[in-house]
Every structure is written in structure tokens, then in C-alpha cells.
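Hi everyone, thanks for coming. I'd like to walk you through one structure today, going from domains to chains to the ligand. Here it is on the screen.

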Amino acid sequence: MKPAAFAYLAPTTLAEALEMIDRIGDDGKILAGGQSLVPAMNFRLARPGTLVDINGVAGLSGISGDSARGISIGALTRHAAFHTPPFSGPLADLLAKVVRNIAHYPIRQRGTFGGSLSHADPASEWCLVTATLGATLHIASLTGTREVAAADFFRGTFTTALQPSEILVRIDLPPLGAGWGTGFYEFSRRKGDFALAMALTALRIEGGTIREARLGVGGVADRALRLAKTEAFLVGQPAHAETFAAAAAMAQDSIDVSEDIHAGADYRRDLLGTVIRRALAEAAA
Amino acid sequence: MSDKIKITLTVNGTAMTAEVEPRRSLADMLRDDLRLTGTHLGCEHGVCGACTVLVDGKPVRSCLMFGVQANGASVRTVEGLADGDRLHPLQQAFWENHGLQCGFCTPGFLMLAAGALEENPDMTDEEIRDVLSSNLCRCTGYQNIVKAVRLAAEVMKAGPAPQATRS
Ligand SMILES: Cc1cc2nc3c(=O)[nH]c(=O)nc-3n(C[C@H](O)[C@H](O)[C@H](O)COP(=O)(O)OP(=O)(O)OC[C@H]3O[C@@H](n4cnc5c(N)ncnc54)[C@H](O)[C@@H]3O)c2cc1C
Ligand code: FES
Ligand code: FES
């Protein structure tokens, strides 16, 4: 359980870090929180020749903005920064709720928001947040910065639009201002485990009728899925249990649920319905 | 390729230097290079928490950090908890409440609880249980660990903060 030897570089500026990864190419890896990469290295599932540690790079962490304007998250912002977000409102409430489901307290002190997205575990909570809310990712390379929508960023299990010469630097989440209610429900066998199924939603309800809806699920396919058809169905419906059950059934029918050693497809499809109903009910409460 | 790198850090309040290969985990550096074997290693992939130490005040898995990443940091380990012969309130409470049996997981639980209580001295029972769910114990059944941490939290709030918890 010891990693293979590697060379270690610790740049202090983004320009320096970009120059290094561009020079090293495929043999190098960026080290952020290390909470996914280092276990993989200890198992020797990953054997990078060089690690470029971005923990000392200035200006990569921090949260700015608020629920009404949307927020901007530095890629190196630790999960734990969302235990008590530095802003209030529906978006803050949602992120504070979600973060408690990511791994454990000590892992949240090191793991980073950008690391989670770059790693792209199908059951990552932050991947679900960005896919469902429609985040914009800012990706830097020596040739400049490009913007990629979350919908185009995630390509499959542990696979993203990132090139070896690129660093994810910032993530923008759109506003969820006054009037929005949020819900999140995840099922995992033990506290801190990756979810077998989870659902995240935001609803804007007026006089008992749903006016706007966001709904996404994670842990059930090769990436987090935003359920656009179910969102469209929800708009105009009364915000009550029957609507939520119909939405859950619709999602169950439309998703080709994944199967692995942790859960078979039937069981997971059943869980999928439950997490969607519970997340929607919470958002409407 | 993997030449040793010289780093300086503070461990339990004492300035130290180490010369380590980049692949050396912080846990192995503490144990093998700095001869502080109180930090234990169980799984070496982030699951068990036996290796938990405080880095700049925060509890982290020392099996998932490289020693070279602790350059310039302040690290606290279980060896730094007691003040001479006087046990830290957490150690005292674990002892009095049967919070350990074999003791393998204990250094990790102590440092986890020490860090969490420093961040929030007023944790609710639910918060204590949530934080303690980070680490694994194969002996105690957890109840006495929860009890010990709850009682230590009260002692720590009531009494003057013991010197040994500062570095
Ligand atoms: C016991 C345990 C339980 C866990 N449970 C959960 C869970 O329930 N939910 C969950 O979401 N996660 C969980 N995790 C993983 C954790 O959230 C990680 O922090 C996260 O997946 C990766 O973030 P990191 O900053 O640690 O990245 P690292 O491990 O440092 O890197 C991960 C990958 O992303 C790349 N990378 C990192 N940052 C960037 C960047 N800015 N630009 C480009 N590439 C980058 C790295 O090169 C590497 O390939 C768990 C981890 C452990 C050890
Ligand atoms: S040895 Fe570090 S978490 Fe198990
Ligand atoms: S006391 Fe034996 S593992 Fe916890």
C-alpha cells in the first residue's frame, strides 16, 4: 500500500503550474486534495511519474457571490468551506445540506470542489450539483481560458472534457434566489459512503403550483443526470405527493439504471424513485 | 527521479526537519523518520481514520497526504496531547469511560475529536456522532467513545484550556 516513486513539483502561481503540466504531458498529474488520487496511488491503480501539487497556487480557492446573483467557487476550495457557507439563501442552504453527505469530516478538510469535478465519480455530490443547476466551468491552459457547461464537461465514469495540459480553475453556479425551495436526498449503506442513489432538486412554487423546476440524480448511471423532461413535466403541476410520485415514475422509466457489486439494477431503480420523491417533498416543504 | 526533499515543520510545538522521498506519506514520515509511532496506520486509503492527525489545526488522514506537503505546516499528533504526566481531558475521559479496548484506533479518534472540538466546542450529540462516524473501531462498539467525547467536551469548556492542546 505504498505509492510508486514520483517527482514532486510545487508551483506557486497558475502560470507556473500550467507551464509544468504542459511540459510533462500525460506522465503528470495534478494533486489537489489528494482524497481520490492518493488512495488510487497507494493501491498503485495510478502511477503518475510527476505530481504537480496545486495546493500552494495563489488565488485558486474561495467562494464569492450570493444566492440571488449566483456564486463563483475557486477549484481548490475545500469541501469543508460549505459546512457554513459565507453567504445565505436557498443556494447556501442547499450546498450546506449536500456537503454533509460527502465522505467524512477529515476528508472534507482536504478534498476540493474542483478535484471532485475533475475526478468525476458517478456518485459525486458536487458533480450532481453542477450538472443539475447548470454550472459553468472555467478551464485554463497555456493558450488561455475556456468555458465549458457542466452538461458538456462530464463524459462518463472518471472521464471529463479536461485535457492533460488543462487546469480547472473556477466554477460558476447560477442564482437560486428568494422563492426557491431546495431538496436533497441520498441513500448510502454507511455514513460517508458513496451514494447508491441520490436526487437533488430546486423548485419555485407559487400558490401551490410549481413554476420552475430543477431535478437531477446521481449514482445511478455513468454520470450525474439532469432530468430535463421530468423538470418540464413538473412545471405547472400542483406541488403535492401525487405529482412527485408521477415524476419519480417518469425518471425510473427513462433511465437505464447501472448495476454493480453494491446494488443490482432493480434495487437501484427502486431507490431512484424513493430519493426523487423525498428530495421533491423536501423542496416543497 | 524521486530525490529526497528537505522540509521543515513544527510537530507538537517543536521545529523539526526531515529529508524524505516525495512518495513518503505524512504518516510514514511521522512514524519512520520522526520516530513518532503513536500515529497508526490501518487501511492506508482513507477509510479507517487510525492515521488522523491535525495539520494546521484541522484533522486530516495522514495516509492521504505526502510528508513533503507538510512543509511549513504545524502538525499535532497524539504524542502532543498530554501535558507531561497530566492526560488531556479527552485521554482522561477515554480512560475513565472505557473508550478503548485494544487501543489501535484510539490515537485517530483522539485527534479527530480534538480537532472537531476546537472548531466547535458546543457540538450537539448528533454532531458528535456524525464526526465520530469518520473513524472505525473494531472493539468498543462506539458507545463509550461517544460518551467519552461528550464528557471531555464539558471538561474542556469548564476548565482552563490545558497548555498541551496549544502548539
Ligand atoms: C473514504 C472516502 C470516502 C469518500 N466519499 C466520497 C463521497 O461520498 N462523495 C464524493 O463526492 N467524494 C467522496 N470521496 C472523494 C473526495 O470527495 C475527493 O476529495 C474528491 O473526489 C477529489 O477531490 P480532491 O481535491 O481530493 O482531488 P485529488 O484526489 O487531488 O484529484 C482527483 C483527480 O482530479 C484531478 N484534479 C484535481 N484538481 C484538478 C483541477 N483543479 N484541474 C484539473 N484536474 C484536477 C487530479 O489530477 C486527479 O486525477 C471520498 C474519499 C474517501 C477517501
Ligand atoms: S490508515 Fe489512513 S485512513 Fe486508514
Ligand atoms: S479499541 Fe480496538 S479498534 Fe478501537
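Let me start with a question: how many residues of domain 1 of chain B are in contact with domain 2 of chain B, and how many on the other side? It's 18 residues from domain 1 and 15 from domain 2. Please keep in mind throughout that this is a predicted model.

So where are those domains? In chain B, the domain assignment puts domain 1 at 5–80 and domain 2 at 89–157. Their C-alpha centres are 21 Å apart. Between them, about 1,200 Å² is buried, with carbon and sulfur atoms giving 60% of that area. If you want three residues to click on, take H40(B), T52(B) and V78(B): together they supply 34% of the area that domain 1 of chain B buries against domain 2, more than any other three residues.

Now the polar side of that interface. The count of salt bridges between the two domains of chain B is one. You'll find R76(B) paired with E118(B), with 2.7 Å between the closest N and O atoms. Six residue pairs are in polar contact across the interface of these domains, both partners being at pLDDT 80 or more. On the domain 1 side, β3 (52–55) and β4 of chain B each supply at least two of the residues that touch domain 2. By class, that side has eight nonpolar, seven polar and three charged residues.

Let's move out to the two chains. Here, 30 residues of chain B are in contact with 31 residues of chain A. As a reminder for anyone comparing numbers, the size of an interface is often given as the accessible area lost when the parts come together. For chain B and chain A, the buried area is about 2,500 Å², and 59% of it is on carbon and sulfur atoms.

How many salt bridges does the rule find across the interface of chain B and chain A? Three. One to look at is between the side chains of E44(B) and K2(A), at 2.5 Å from N to O. The rule also finds eight residue pairs in polar contact across this interface, again with both residues at pLDDT 80 or more. On the chain B side, the elements that give two or more residues are β4 (58–61), α3 (106–119) and α4 (125–132). The residues on that side divide into 15 nonpolar, seven polar and eight charged.

Before the ligand, a quick look at chain A. The domain assignment splits chain A into domain 1 (7–53), domain 2 (63–173) and domain 3 (184–284). The C-alpha centres of domains 1 and 3 of chain A lie 36 Å apart.

Finally, ligand 1. Why do we call this site shared between chains? Because the residues surrounding ligand 1 come from chains A and B. There are 34 residues around ligand 1, and those that come nearest are I30(A), S36(A), L37(A), T112(A) and E125(A). S36(A) has a polar side-chain atom 2.7 Å from an oxygen atom of the ligand. For H79(A), an N or O atom of the side chain is 3.0 Å from a ligand oxygen. With A103(A) the backbone takes part: one of its N or O atoms lies 3.3 Å from an oxygen atom of ligand 1.

That's my tour. Thanks for listening, and I'm happy to rotate the view for anyone.

Terms used:
Residues numbered from 1 in each chain as written. Chains lettered and ligands numbered in written order. Predicted model: local features only at pLDDT ≥ 70, side-chain atom pairs only at ≥ 80, totals over all residues. Heavy atoms only, no water. Contact = heavy atoms within 4.5 Å. Buried area = accessible area lost by both parts, 1.4 Å probe. Salt bridge = Lys/Arg side-chain N within 4 Å of Asp/Glu carboxyl O. Polar contact = N/O pair within 3.5 Å; in protein donor to acceptor, adjacent residues only side chain to side chain. Helix = DSSP H or I, 4+ residues; strand = E, 2+ residues; numbered from the N terminus. Nonpolar A, V, L, I, M, F, W, Y, C, P; charged D, E, K, R; others polar. Domains from an automatic or database assignment. Near = heavy atom within 4 Å.
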